[in-house]
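I am opening a notebook on this structure and will write down what I look up, entry by entry. The sequence and the model come first, and my entries follow.

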Amino acid sequence: MVESTLSREYLVKPSESDANRQLPLTMLVAQLIDVATDHANQLGIGFLKLEPLGRGWVLSRLSVEMRRWPLTGEAYVVKTWIESWNAHFSERCFSFTTKSGETLGYARTIWMIIDLTTHQSVGTGGEHVPAELIDGSACPIPGLRRHRPFTPQKVTEYVFKYCDLDFYRHVNTVRYISILLNQFTLADFDTHLLSRFDIAFAHEAKYGETAIIKSIEEEVETPTLLAAESYRSFRRTFEMSLGSQPILSSAIVMSRALNE
C-alpha cells in the first residue's frame, strides 16, 4: 500500500564517516535524494515512469538544519513527505531522527521535472499526486532566504571533472556540496557544528567548464534548531558562476557552543 510518507533506516559506517567520525552532509544529501526517488517511484511519479518519457526529476533548492550529526556506528532514520504540489514544482520535506526518536534535523527541498534532451524545466510535467498522498505536514525550519549580491572577500576557481558528473551528464548536487565544503578548513569543522546549509540552483554546469566561486563571511544569528541553546554562529555565503552566468547560490552556517 502506498503511503504519504516513506522512512528508511541507515547506519553510519566508518567508510562513510568524515574526519570527525560523524555522517557528512554529502552522504546525508545523497541518502535524502535516494529516499525521495524511492517515494516518488512508489507514488507512480518517479524515475521508473519518467525516464522512458525522456524526463527526470532534479533538485532545485535545498535547506538543511541539524541539531547534531549521527555518529559512526549510530543508526538513524530518514523520513520524507510531500508538503505541497503544484504545476511548477513540488515541495518535499525530510526529518532525521535516531531510532529512539531524538530529532537530529530537518530538510526542505524543491523539485521540478526537466526534459532530458533540452535540460529545460517542464514544471511537474502534468504529473498528478492524489490529495490523500500529499501529507501536507509543515517542516519546522525556515525556507531558503533570498540571496543578495555581495562584494566577495575571496574568489577561487574550479574545473569540473569526470567524477563531478551524474547520469544526466551534468554536475550533481553532492559534488557541488563537496566543492563548497572544501572552501572551509579542517579547523572550522573541528571547532564548529555545520548547523545550516542552503543551496539554490540557477543553471547546470558540465564537464570541463570552469566555475568561479565567490564568498563572504559574517556573524549571524544561530539557526532555529539551536536557537534555545548557547551557540555563536558565522555564515559563509557563496556564488558560483560560469563567467557571467550564475550556477548557484549557497549559504553555510557554522555554530560553536559558547562553553567550548
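**Cysteines**

I began with the cysteines and found that the structure holds zero disulfides; I keep in mind throughout that this is a predicted model. To see why Cys93 is unbonded, I looked up the closest cysteine sulfur, which belongs to Cys139 and lies 4.2 Å away, too far for a bond, since a disulfide needs the two sulfur atoms within 2.5 Å. I then asked whether Cys93 and Cys163 are buried or exposed. Cys93 has a relative accessibility of 1% and therefore counts as buried, whereas Cys163, with a relative accessible area of 62%, is exposed.

**The sheet**

Next I traced the strands, and I found ten of them in an open sheet with antiparallel pairing, in the order β1-β3-β4-β5-β2-β7-β10-β9-β8-β6. At the edges I noted β1 (5-11) and β6 (154-159), each of which pairs on one side only. I also looked up the twist, and neighbouring strands of this sheet are turned by 25° against each other on average, with direction ignored.

I followed the pairings from the β1 edge inward. β1 and β3 are antiparallel and share seven bridges, and one pair that I checked has Arg8 with Val78 of β3 as its bridge partner. β3 in turn is joined to β4 by nine bridges, again antiparallel, with Ser84 standing opposite Glu91 in β4. The connection between β3 and β4 is a hairpin of four residues. When I looked up how covered β3 is, I found nine of its eleven residues buried.

From β4 I moved on to β5, and these two strands run antiparallel with eight bridges between them; here Phe94 has Ala107 in β5 as its bridge partner. Their hairpin has four residues between the strands, and in it Gly101 takes a positive phi near 100°. β5 is also joined to β2, by eleven bridges in the antiparallel sense, and I noted Gly56 with its bridge partner Ile114 in β5. Because ten of the 13 residues of β5 are buried, I describe this strand as largely enclosed by the rest of the structure.

Further along the sheet, I looked up β9 (residues 231-242) and β10 (residues 245-257), which pair in the antiparallel sense over twelve bridges. Within that pair, Phe234 has Met254 of β10 as its bridge partner.

**Helices on the sheet**

I then asked which strands helix α1 touches. Helix α1 (residues 25-42) packs on the sheet against β1, β2 (55-66), β3 (75-85), β4 (90-98), β5 (103-115) and β7 (193-201), and its direction makes about 145° with that of β1. Helix α3 (residues 173-181) packs on the sheet as well, touching β2, β6, β7, β8 (210-220), β9 and β10, with a direction at about 125° to that of β7.

I went back to α1 for its length: it has 18 residues and reaches 26 Å from its first C-alpha to its last, close to the 26 Å expected at 1.5 Å a residue. Its buried residues include Leu25, Leu28, Val29, Leu32, Val35 and Ala36. After the helix comes Gly44, whose phi is positive, near 80°.

**Cores**

My next question was which residues of the largest nonpolar core touch the most other members. Of its 55 residues, they are Leu62, Phe160, Phe197 and Met240. The largest share of this core, seven residues, comes from α1. I listed the contacts of Leu62 beyond its neighbours within four places in sequence, and among them are Val29, Leu32, Ala107, Leu144, Ile177 and Phe197. Apart from this core lies another, of six residues, including Trp81, Cys93, Cys139 and Ile141.

**Ala200**

My last entry is on Ala200, which lies in strand β7 and, at 12% relative accessibility, counts as buried. I looked up its distance to Ser250 and found 6.4 Å from C-alpha to C-alpha, although the two are 50 residues apart in sequence. Setting aside neighbours within four places in sequence, Ala200 is in contact with Ser60, Arg61, Leu144, Ile247, Leu248 and Ser249.

Methods:
Residues numbered from 1 in each chain as written. Predicted model: local features only at pLDDT ≥ 70, side-chain atom pairs only at ≥ 80, totals over all residues. Heavy atoms only, no water. Pairing = 2+ DSSP bridges. Axes fitted to C-alpha atoms, helices over the stretch in contact; angles between N-to-C directions. Contact = heavy atoms within 4.5 Å. Expected span 1.5 Å × (residues − 1). Buried < 20%, exposed > 50% of the residue type's maximum accessible area, 1.4 Å probe, protein only. Core = buried A, V, L, I, M, F, W, Y, C linked by side-chain atoms within 4.5 Å.
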